[in-house]
Every structure is written in C-alpha cells, then in structure tokens.
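Reader: Please take me closely through the cysteines of this protein and then through one of its helix contacts. I would like the reasoning spelled out, along with how far the model can be relied on.

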Amino acid sequence: MKLKYISSLALALTLGFGLTSCEDFLDRPTEDSYSQDNYYQTDDQCLAGTAYLYNSPWYNFQRGFIDVGEVLSGNVYKTGRYLTFTVNGTDDNLINMAYSLWAENAHCNAVYDNIKKAPASVSDRVRHACMGECLT
C-alpha cells in the first residue's frame, strides 16, 4: 500500500512539474510567418489585407448564384425547384448565400479593426482607403 502511494505521488509530482515547465516553451512568438501583431505595418500590407475580401468570403455566395439568381430570373434554363419557383427559406443554396454575406461582414470588420490599430508607418491616405473598402 505504501509503495502504491509513493509511486502515485511521484507520478503526480512529475506530471505537475512537467506541465508547468512547458508553459514558456510552448508560448513562443512566430518567427517565420505573419501574425496579427506583426501585419498591417506598411501600406502594401494594408492593401494586401483588403485584397482577399473580394475573393474567399464570397465563395458560397457565388456557388449558389447561378442556381438561385440566374434560373429564377429566367437567364438560365435548369429543371428543378428554381424553374418552378418552389423555393422556400430552408433551401441550401439560399442559406449558404446568406451565411456568406454575414461571413463577408465579419471579415471586413476584422480587417477594419486591424487597420484602425495600424501604426503611424501606414500613410493616412492608404489607411482611409482600406478602411473605406471594408465599410463598403
């Protein structure tokens, strides 16, 4: 019984010391890539930070645009629920398109906040242009 108690105590102490010693080792700054703290430092980085707003967040909106927008307007002929106007609010394409628009708003808000906190090395002209893109 005494040996079992001593071994479990030793194991608990070893784990306790082992986990506390790893905190500084695991919390290291990135050295080879960008992070939120070291980006948006120059004019070019601010312009590049707003460039992706025209691409990735719109993916689900563009994916459903042909089915929803073009078929319902009569520009494309595809058989199915869009041609017969039997679409309701639970349609997958409509849901994904709406989520995509909210995702775009979230991305724009994040980029806007980061550019607003950018250092003085970013010119006011570029800062205001990028913030305007986010707001638009």
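Author: Cys130 is a suitable place to begin, since this residue is buried, with a relative accessible area of 0%. The closest cysteine sulfur to that of Cys130 belongs to Cys46 and lies 5.4 Å away, which is too far for a bond, because a disulfide requires two cysteine sulfur atoms within 2.5 Å. Cys108 is likewise buried, its relative accessible area being 9%, and its sulfur is 5.4 Å from the closest cysteine sulfur, that of Cys134, again too far for a bond. By this rule the count of disulfides is zero.

These values come from a predicted model, in which the protein averages a pLDDT of 83 and 90% of the residues score at least 70. Among the elements, helix α5 (residues 124–135) has the highest mean pLDDT, 93, while helix α1 (residues 2–26) has the lowest, 70.

Turning to the helix contact, α3 (residues 59–73) and α4 (residues 92–116) pack at an angle of about 145 degrees with their axes 8 Å apart, and α3 passes α4 in a left-handed crossing. On the α3 side the contact includes Tyr59, Phe61, Phe65 and Val68, and on the α4 side Leu94, Met97 and Leu101 are among the residues involved. The residues of this contact divide into seven nonpolar, five polar and two charged.

One backbone detail deserves mention as well: Tyr40, found in the loop between α1 and α2 (43–51), has a phi near 60 degrees, a positive value in a residue other than glycine. At 9% relative accessibility, Tyr40 counts as buried.

Terms used:
Residues are numbered from 1 along each chain as its sequence is written. This is a predicted model: local features need pLDDT of at least 70, side-chain atom pairs count only at pLDDT 80 or more; totals for chains, interfaces and linings use all residues. Side-chain values use heavy atoms; hydrogens and water are left out. pLDDT is the predictor's confidence in each residue, from 0 to 100. Helices (H or I, at least four residues) and strands (E, at least two) are DSSP runs, numbered from the N terminus. Axes are lines fitted to C-alpha atoms, for helices over the stretch in contact, and angles run from 0 to 180 degrees between N-to-C directions. A crossing is left-handed if the near helix is turned anticlockwise from the far one by less than a right angle, and right-handed if clockwise. Contact means heavy atoms within 4.5 Å. Ala, Val, Leu, Ile, Met, Phe, Trp, Tyr, Cys and Pro count as nonpolar, Asp, Glu, Lys and Arg as charged, and the others, Gly among them, as polar. Buried means under 20% relative accessible area, exposed over 50%, partly exposed in between (1.4 Å probe, protein chains only).
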